[in-house]
Structure formats: structure tokens, C-alpha cells
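Colleague: Could you walk me through one part of this model up close? I'd like to look at a cavity and its walls, and then at a helix.

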Amino acid sequence: MTAPSDRPAASDTPAQPQETALLRDVLRTPGYLKALVLSGLIGIPISLVAFWFLAGLQELEHVLWADLPQALGWDTPPSWWPLPLLLVAGVIVGLVVTHLPGAGGHIPASGLHAGGASTAALPGVVIAAAASLPLGAVLGPEAPLIALGGGLALLFRDLARAPATAKSTALLGAAGAAAAISVIFGSPLIAAVLLIEVVGVGGPQLFAIMLPALLSSGVGALVFTGFGRWTGLDTGSLALKFPESPPRLDTGDVFWSILMAVAIAVLMHLAIAGGRLTAAFVAARTFTRTVVCAVAAGGCAALYAVITGRTPVDVASSGQATLADMASDPHAWGVGALLAVVLFKSLAYALCLGSLRGGPVFPSLFLGAAVGVLLSPLPGLGVVPGVAGGMAAALTSVMRLPVSSVVLVVMLLGNSATVPVVILAAVVALVTTELLPAGLPSRLTRSRSDSRETR
């Protein structure tokens, strides 16, 4: 008899997972390692450009909506103030869309896009965002920042004469976008998680793309923090401080969060559908109708100010600063003001989504928070759970990125007590949104947008 061998049989050896082997091969590729180093390096100049871009937008907005009205003798902007500003915004954006490559960036009604960045589109993206956001467009800065970061990353690659391949373009585009938006959401982690869902890939390919993005966003966060302290300038990242601590969740919070998420999903679905209808309307006569829709958005803000006696900034803006004020003093808003701001800002939001340039995230957060504050007096529901569930439902309905939405809202609120409500509202809103009919406007907007961007 022969002695048994200590060597295990081949059939007993567990096979190495194919995904793990593929990931190891990717990480050992010299070209990938060079791209990873390049991603860390380009994070510095891209973050510097993004910092000054955001700081410039913030300063210009403060001049137009605070300093100039005060210099003319008004404590707050008069009700008609948004009309001339958004008229100028419509004229500039209309000229950019009709005359510059890239049409000033993606139409906001089509959502966030991480791909398609190009160096040729950079001037139009910057001009259109600078004309839209400070002048009162009901949009956020995240979409222009993604396009700016991705375009700059490709520009630096071309200047360094690095090889241009499909994989390097996707990798550097994601890294540049992450560096540009690393702080606008309050954390570089949110930028990385957001791009995970926006890029829409999985497995080793996801890891290969997101590792440079995470590195670049971390570098961007350091640059933003250092320059913010050194210059004293504010780039306007999201930050909420509630006057009260979040209560313990109970049955009422869960029950009302479900109903609220359904209602908010319907509201945001209508707003996005309105944005797509607006985009289809604008596509027929781009310049003229861009101006018309921009002025109509200003009219929504003016009418809101006349009816409520409040500042038109509540409607004619991204909602970022107003959201922080609402969180710090939610009881300063009466029921009538909350109903009016939800109605008029939703209308202005739909008009801007299809005509001007910016991102859909910030206004949706404000609208969700406003609905949460409006419904917070319901028995068993409080302000903090209402705002948390409202923001999660609105953001998920607009972006259809549930993980990013939950992470953003949880980190924005800065507490773990509301996490169950946030997750529940996000899931219910996503299911409700997917069950609602998409309709023809989505297909019309996509086809017309693609036809313009390929010219």
C-alpha cells in the first residue's frame, strides 16, 4: 500500500473567483497604475478651478441678490427683481446653446451624466452655468461641475500627451468629475458614491473606475478645505443645522413617511415631465423659447413674492441657502408660504430643467424638505423626520439613484436616528416613480438633445 499524499487533490482545491483574478490583473497593469497616479495629480488643478468657479458663482449671486438691491435702497430684492436677471440668463444661454459646441452641457431634465465630457464643450458649459445659476435659475451646480471636471481631466491628459483610449477616457472623466464635486455635497465620499451609480458599471470595472475617482475626490476635498480657509471664500456646500435633536422614531414617522414619499414622488415626476415638455418646446426655436421659459421662471418667483410678501429668492434660486435657513428655523414658514413655495418653485424648476443649464439635485432637496416641514404637524411626525424623508424621497425620484440619495441625505443631516426613515422614503419613492408612466416627453427630449449635442 502506498502512503496517502499530503497534497490535496485538484478537485478539492477551491477555484479562484474569476472576478478576483480579473481585478488583480487590472491593478497590475502598468497603464492603469499610471492612470491612477495621473488621477491623483489632476485632482489638484481641477479642484482649484472648481473652487474658484464655485466661489465666483457664490460671490456673483450675493452681489446680484443682496448687495445690488441694498445699494438701490431695498432690504430684500423687490418682487420684480428676478424678471430682468432671468431675461439676461435666457439670452446668454440661448446664444450658447445655438452657437457653441456642446450646447452648454446636458439638458438638466435628462438627469446627471458622467460621460460625454469634452474639451471643446468647456467654454459653453462655464458660460451657460455662470449665466444660469447666479441669475436665479432653479438649478444646482453639480451638473456643470461634473462636465467641467471631466473636460479638464481630458484636457490635462491631452497636454501631457498621455494615450487616449476608451478606458482612459472613462477613468479620467470620472476622476475629474469626482474632484470637481468633492465638496459641493459636503463630503468627498458622497461624490464617489454618486459616481458609482451615475457611471452605471459593476464588478472589477466599477472598482477600476471608482478607485481613481475616490483618490481624486479626496485630493479635491483637501484643496477645497485649504483654499476655503486661506481665502475666506465660500463655495456654498450643503450644510443643515436643525434647532432640535432628532426624536426617536415611532409608528407615526413610518406611516407618514410612506404616504409622504408617494406624494413627493408624484410631485417630482410631474416636475421632471414638465422639464422634458419644456425641453421639447424649446428645441423647436431654441433661442427665442429659451428666453421665454427663463422669463416665465422669473415670473413664478415674482408672483410668489407678491402673494406671500416674502423674498423672490425663495423660488428663484437653487434653494441651497434657503434650505439651510428653513432647517435652522422651520417654524418661520407659515402653511401658506410653504404651499406657495412648493407650487411656484416646482413650476420654475420644470421651466429651468428644460431651458437653462445646471443640475437637478439642489432644488429637489429643497422641495422635499419644504413638503416635510409642511406635513410635520401631522400626528406622530416631527420636523426632522419629515425633512429627512422628504429630501430622500424627492432626490431619489429625480435622480433614481437610491444609494447615492440615502448617503447624501444621511450625511447632510449628520445623525443616524433618521436613517430608517430615509431608507424607507427612498425605496418607496423609487418604486412609485418607476410605476408611474414615463410618457413620450422623455423620448422626445433624449432624441432632440442627442441631435443637438452631435452637431
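Modeller: Sure. One term before we start: a residue is called buried when its relative accessible area is under 20%. Keep in mind that this is a predicted model.

Let's take the cavity. Rolling a probe the size of a water molecule over the atoms shows where empty space is left. Here the count comes to two cavities of 30 Å³ or more, and the one to zoom in on is the second largest, with a volume of about 30 Å³. Its lining is made up of Phe-185, Ile-190, Leu-194, Leu-395, Met-399, Ser-404, Ser-405 and Leu-408. Helix 7 (188-199), helix 14 (383-399) and helix 15 (402-413) are the elements that each give two or more residues to that lining. Helix 15 contributes the most, with three residues. Sorted by class, the lining holds six nonpolar residues, two polar ones and no charged ones. Both domain 1 (26-231) and domain 2 (251-435) supply at least three of the lining residues.

Now for helix 10, residues 286-308. With 23 residues at 1.5 Å a residue, helix 10 should span 33 Å, and its end C-alpha atoms are indeed 33 Å apart, so the two agree. Its buried residues are Thr-286, Thr-290, Val-291, Cys-293, Ala-294, Ala-297, Gly-298, Cys-300, Ala-301, Ala-302, Tyr-304 and Ala-305. When you read that kind of list, remember that an α-helix has 3.6 residues a turn, so residues three or four places apart point the same way. Just past the end of helix 10 sits Gly-309, with a positive phi of about 75 degrees.

Technical notes
Residues are numbered from 1 along each chain as its sequence is written. This is a predicted model: local features need pLDDT of at least 70, side-chain atom pairs count only at pLDDT 80 or more; totals for chains, interfaces and linings use all residues. Side-chain values use heavy atoms; hydrogens and water are left out. On a 1 Å grid over the protein atoms alone, a cavity is a set of points where a 1.4 Å probe fits but cannot get out, and a pocket is an open set with protein on both sides within 12 Å along at least five of seven lines; lining residues have an atom within 4 Å of a point. Grid points are joined across faces, edges and corners, and a volume is the space filled by probe spheres set on the points. Helices (H or I, at least four residues) and strands (E, at least two) are DSSP runs, numbered from the N terminus. Ala, Val, Leu, Ile, Met, Phe, Trp, Tyr, Cys and Pro count as nonpolar, Asp, Glu, Lys and Arg as charged, and the others, Gly among them, as polar. Domain bounds come from an automatic or database domain assignment. The expected span of a helix is 1.5 Å times one less than its number of residues. Buried means under 20% relative accessible area, exposed over 50%, partly exposed in between (1.4 Å probe, protein chains only).
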